[in-house]
Amino acid sequence: MQQGLKYYSVFLALSKLNPCQAKPCQNYGICERNGNSYKCHCVKPYTGSKCENVKNTCQRNSCNRGDCLISLTQPYYRCSCRYPYQLPFCDRARSVCKPNPCKNGGACMKHRIRSKFTCNCPEPFRGRYCEIGPKDCFTENGHTYRGNVSQTILKKTCLHWTSHHLLESSYNAFMEHADYYGLGDHNFCRNPDGDEKPWCFVNVDNKVKWDFCDVSPCSATEYFGTTTSFNVLPRVGNRPGTCGQPEMIRSLKRIYGGTKTTPGKHPWQASLQSKFSMGSSMPRGHYCAGVLIEPCWVLTAAHCIMTSIYNLQVSLGEQDLTRKEHHEQTFDVEKIIKHGHYVEREQIPYNDIALLKLKPIDGHCAVETKYVKPVCLPDSVFPDDTECYISGWGLTETGEESHQLLDARVKLISQTRCNAPSAYKNRLDESMLCAGNLQRTRADTCQGDSGGPLTCVKNGTYYIYGIVSWGDQCGLKNKPGVYTRVTRFLNWIRTKIQRESISHN
């Protein structure tokens, strides 16, 4: 710990020396030092204090019967014309059926109104231009769909993901990791937020709305005919390279202030479940969370151990608690190890940490897939204000628990600020840490998230830095979430796992 704090002091000293050293400017912005601060000079069309936003270059450009799209190259916009209107400004129409716009052998039929036409499609093609074929289908919820359907169930044409209408949206071609979600300079349907099927945005009376797309699920035989290969996770001691590597890179009901995750984004997330009801205080199903750190070991909060070992099971790879998903892995618990100094005083849990040893099935525990992987244990201290991630199925701002796994970004808060009179009034000890935002209500964990992970990223690897422990209600000003500080318990975790391994050899 002291060594980590020493490195942190060096980090702060360097930051004061030159704030541009941390490369705060995004999207090729050039950092100019200004005393202890800095200014970012943005490359067109980016804007914002850190060049994090894209400027609306369509404000003074009209595309008439079409849509103005933002471009990253000069002149930084272009028109997408509604057929049969033509470029450059979508103000002139061509003959609707010459050349034939219908694909796959479709016949073009003119209407009395010059701009109207219909494509008569041969079987099995359909769509406005006969562009939808039988192979243009999606599996599961369509998160990996990369087909060319661009119309909704209500036959509305999708907006391009580069449309100026979507600049304020959470999902557009300029968002973080847009390529991963299949978003680009096109208007094809996608499912970036893990909804039930592919969807897109549409423009209705100059208002942006969304709708599910006119695309069908693939046949069961086509989907289940594929085979999947699995690898058993390595035993105790796996470190970066075999842990902390999510299959799905960054991602709506919400963890308090959060968004829907994509499957595989938090493959270490575990759901603690009661096998049968113990009354209103312990209903059947999910009640707490955990995090996979080794094939047979899940880390959780000690206050989550509220049922017998015989009634406890752990589910890995869960995304939607209401559905039985093919990638779930469920285990009974062989052993529960609570920290020896766990105690609750005035409803505050101290040393709130526990280990669950999973009971192997056919000789092994967790099987590595893109939905199930361990997270890394931290090897250093993360600085205050580091942006980290929380995830869980707990209460949302609607007052209901979410059945879908949710996540959000939060910042680590210094112990001094979190223990201030306006916040938690010195109720935090060194086994705890805070994350969130003191100034305004934002993302936070809540009931049902307990035991779940607070993960921080270094060099693309995710580390378990905190365990959801407690807080005053959810999402309140000056009352951020409080987490068990994992770095305080690294020796305890490794010693307990090692002793169990030795005793079984």
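Which residues does I493 touch, not counting residues up to four places away in sequence? The answer is I293, L299, I353, L355, L377 and V486, where a contact means heavy atoms within 4.5 Å.

Before we go on, a word on the model. It is a predicted one, in which local features need pLDDT of at least 70 and side-chain atom pairs count only at pLDDT 80 or more, while totals for chains, interfaces and linings use all residues. Residues are numbered from 1 along each chain as its sequence is written, and side-chain values use heavy atoms, with hydrogens and water left out.

**The nonpolar cores**

I493 belongs to the largest nonpolar core, which has 45 residues; I293, V314, L316, L355 and I493 touch the most other members. A nonpolar core is a set of buried Ala, Val, Leu, Ile, Met, Phe, Trp, Tyr and Cys residues joined through side-chain atoms within 4.5 Å. Elements that each supply at least two residues of this core include β17 (269-274), β20, β24 and α4 (490-503). Strand β18 gives the most, with five residues. Helices (H or I, at least four residues) and strands (E, at least two) are DSSP runs, numbered from the N terminus. Another core, of 22 residues, lies apart from it, with V149, W161, Y171 and A178 among them. In soluble globular proteins, nonpolar side chains tend to be buried together.

**The annotated active site**

The unreviewed UniProt entry places the feature "active site" at H303, D352 and S450. Such positions are given in the numbering used here, feature names are shortened, and annotations may be inferred rather than shown by experiment. These residues are spread over 148 residues of sequence, yet they cluster in space, with a largest C-alpha distance of 10.3 Å.

Buried means under 20% relative accessible area, exposed over 50%, and partly exposed in between (1.4 Å probe, protein chains only). Here are three buried residues:

| Residue | Place | Relative accessible area |
|---|---|---|
| H303 | loop between β19 (297-300) and β20 (312-316) | 19% |
| D352 | loop between β23 (348-350) and β24 (354-358) | 1% |
| Q273 | strand β17 | 10% |

Leaving aside neighbours within four places in sequence, H303 is in contact with residues including D352 and S450. The side chain of D352 also reaches the backbone nitrogen of A302 at 2.8 Å.

**A polar residue in β17**

The side chain of Q273 makes polar contacts with the side chains of S271, at 3.0 Å, and E318, at 3.2 Å. A polar contact is a pair of N or O atoms within 3.5 Å; within protein, one must be able to donate a hydrogen and the other to accept it, and residues adjacent in sequence count only if both atoms are side-chain atoms.
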